[in-house]
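Work through the exercises below with the model open. Each task is followed by a solution in steps.

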Amino acid sequence: MRAIACHILLICLLAAVDAAAGTVSVVTRDNAIRSENRFFAPVRAKVRYGDRLTIIGRKGDWYQVSAKGVSGWVHKSAVESRSYSASGRGGASGGVSADEVSLAGKGFNPQVEAGYRNANKNLNYAAVDEIEHLVVGEKSLETFIQQGGLIQP
Amino acid sequence: MRTPSSSAALTRLVLLLLCLASAGCRLEDITPEQFGMIASSVQTIGKAARPVSDQEEYYIGRAVAARLTATYPLYRNKRLTEYLNLVGQTLALHTEQPATFGGYHFAVLDTPEINAFACPGGTVLITRGMVASVKNEDELAAVLAHELGHVIHRDGIAAIQSSRWSQALLVIGGQAAREFSPKETAQLVSLFQGSIDDVVKTLVVNGYGREQEKKADRAALGYLAAAGYDPQGLVGYLERLQEAGRGSKGGILATHPGTEERLENVREAGAVSADRSGVPRRSKRFAELVP
């Protein structure tokens, strides 16, 4: 029984480990690979949700990664060690993990939002789009922090 | 969070293991079919039990914001909104989660009511009444830092009844490439609507739990100090709430009870050392925008 339990545990552990060790997926809509491990450092490449990045190293809260022909740094909160195949087929068994399903956008997604909006005409999504549309530039933010005697991140 | 399908899979797995154990079975005795059943059960458990993803949290947050802005219109003061976003983004970069799926966004609602709302995923809405009630940038930052605490602790998502999410996971299933049928989409929309109702009810009517408020305050102290703001701004903000509470019981006082207790908690957390030299110039730029 103990041997079986050990093997079951092993299966669970293997299932939990990323299929492609040493890579991470971008889990934010947009992000950037930066030249240094700090915010406001020059951007070497833009990355998007689901992009796979190869890990080269790690320093504090930052991963050193390579992708799109460049190497640089990305903050740990922007990536996760999960992935999905566009075909929807994962490992040898043809199944995919819950993470793969969520990374593929299966769940509460734009399709569900559209249905919700259609059923509730009184919602103010125009205001939400307006809120999201306002993005302060990095230069403005850096200056604001400096002028206010605040701490650069 | 365990779903019905994961429970069934777990039950199947346990029963299979018990049968094998009672038969004195060793690993090499397991048939390929039995091994397949074990692997399938393990996979089903893994598939079914997953939390709300960051992307899903974003869509929930958008819907919550769409509900709130249907009640309270946006206060369209571009300079003030930009300023609010600069303060909020500065804080967000000093939290443990500087990046969210859709990023952090901050906006003012046009109502004299004193309140602030943390929508899941990173949108923070603060009322015009709240902006008018704080006396400087550091207090404004304290309001936003507290709300960021709720976002990062996923307190809004925690308000969703777990049975709704369990049902949603059953509909979502385990195939990444599959399209939902119209019936499945309708089921998901209904569960989504229920989830939004749960979050809005907590934000507007019931408020978060005492422990959630306490944790958000403690987190806020950390974010303020990390960003270089004076953590005492949180004390100032709570004192403003206390003052407002003498005249009214609506707005934030209905959803954030126990200001006295919160003040005690914050004071108990101890005075976080801070360089206060920047307070005057920050107060000056605040006064220029918030007369």
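**Exercise 1.** How are H6(B) and H14(B) oriented relative to each other: roughly parallel or roughly perpendicular?

Solution. Keep in mind that this is a predicted model.
- Step 1. Take the geometry. H6(B) and helix H14 (residues 279-289) of chain B pack at about 80°, and their axes lie 8 Å apart.
- Step 2. Apply the cut-off. Angles of 65 to 115 degrees count as roughly perpendicular.
- Step 3. Conclude. H6(B) and H14(B) are therefore roughly perpendicular to each other.
- Step 4. List the contact. H6(B) contributes B:Glu137, B:Asp138 and B:Leu140, while H14(B) contributes B:Val279, B:Arg282, B:Arg285 and B:Phe286.
- Step 5. Classify the residues. The contact of H6(B) with H14(B) has three nonpolar, no polar and four charged residues.

**Exercise 2.** Find the angle at which H6(B) packs with H11(B), and sort the residues of their contact.

Solution.
- Step 1. Locate the helices. H6 spans residues 137-152 of chain B, and H11 spans residues 232-245 of chain B.
- Step 2. Read the angle. The two helices pack at about 85°, with axes 8 Å apart. That value makes H6(B) roughly perpendicular to H11(B).
- Step 3. Name the residues. On the H6(B) side they are B:Asp138, B:Glu139, B:Ala142 and B:Val143. They meet B:Gly233, B:Leu234, B:Gly236, B:Tyr237 and B:Arg240 in H11(B).
- Step 4. Sort them. Four are nonpolar, two polar and three charged. Gly counts as polar here.

**Exercise 3.** In what order do the three strands of the chain B sheet run, and which are the edge strands?

Solution.
- Step 1. Set the order. The open sheet of chain B runs S1-S3-S2, with mixed pairing.
- Step 2. Find the edges. Strands S1 (105-109) and S2 (116-119) of chain B each pair on one side only, so they are the edge strands.
- Step 3. Add the twist. From one strand to the next, the twist averages 20°.
- Step 4. Check one pairing. S1(B) and strand S3 (residues 123-127) of chain B run parallel, joined by five bridges. B:Ala107 has B:Leu125 in S3(B) as its bridge partner.
- Step 5. Place the helix. Helix H4 (residues 78-92) of chain B packs on this sheet and touches S1 and S3 of chain B. The direction of H4 makes about 140° with that of S1(B).

**Exercise 4.** Are B:Arg79 and B:Thr111 buried or exposed?

Solution.
- Step 1. Recall the limits. Buried means under 20% relative accessible area, and exposed means over 50%.
- Step 2. Treat B:Arg79. This residue lies in helix H4 of chain B. Its relative accessibility is 55%, so B:Arg79 counts as exposed.
- Step 3. Look along the sequence. B:Arg79 and B:Leu289 are 210 residues apart in sequence, yet their C-alpha atoms are 7.4 Å apart in space.
- Step 4. Treat B:Thr111. This residue sits in the loop between S1 and S2 of chain B. At 8% relative accessibility, B:Thr111 counts as buried.
- Step 5. List its neighbours. Leaving out residues up to four places away in sequence, B:Thr111 touches B:Tyr72, B:Thr127, B:Arg128 and B:Gly129.

**Exercise 5.** Trace the strands S4, S5 and S6 of chain A and describe their turns.

Solution.
- Step 1. Pair S4 with S5. Strand S4 (residues 52-59) and strand S5 (residues 62-67) of chain A are antiparallel over five bridges. A:Lys59 stands opposite A:Trp62 in S5(A).
- Step 2. Inspect the turn. The hairpin of S4(A) and S5(A) has two residues between the strands, and A:Gly60 in the turn has a positive phi of about 60°.
- Step 3. Pair S5 with S6. Six bridges join S5(A) to strand S6 (residues 70-75) of chain A, again antiparallel. A:Gln64 stands opposite A:Trp73 in S6(A).
- Step 4. Inspect this turn. Two residues separate S5(A) and S6(A) in their hairpin, where A:Lys68 takes a positive phi near 55°.

**Exercise 6.** What are the helix and strand counts and the buried shares of chains A and B?

Solution.
- Step 1. Count elements. Chain A has five helices and seven strands. Chain B has 14 helices and three strands.
- Step 2. Compare burial. Buried residues make up 41% of the 153 residues in chain A. For the 291 residues of chain B, the share is 56%.
- Step 3. Add contact range. Of contacts between residues at least 6 apart in sequence, 44% in chain A join residues at least 24 apart. In chain B, the corresponding share is 72%.

Key:
Residues numbered from 1 in each chain as written. Chains lettered and ligands numbered in written order. Predicted model: local features only at pLDDT ≥ 70, side-chain atom pairs only at ≥ 80, totals over all residues. Heavy atoms only, no water. Axes fitted to C-alpha atoms, helices over the stretch in contact; angles between N-to-C directions. Helix = DSSP H or I, 4+ residues; strand = E, 2+ residues; numbered from the N terminus. Parallel < 35°, antiparallel > 145°, perpendicular 65-115°, else oblique. Contact = heavy atoms within 4.5 Å. Pairing = 2+ DSSP bridges. Buried < 20%, exposed > 50% of the residue type's maximum accessible area, 1.4 Å probe, protein only.
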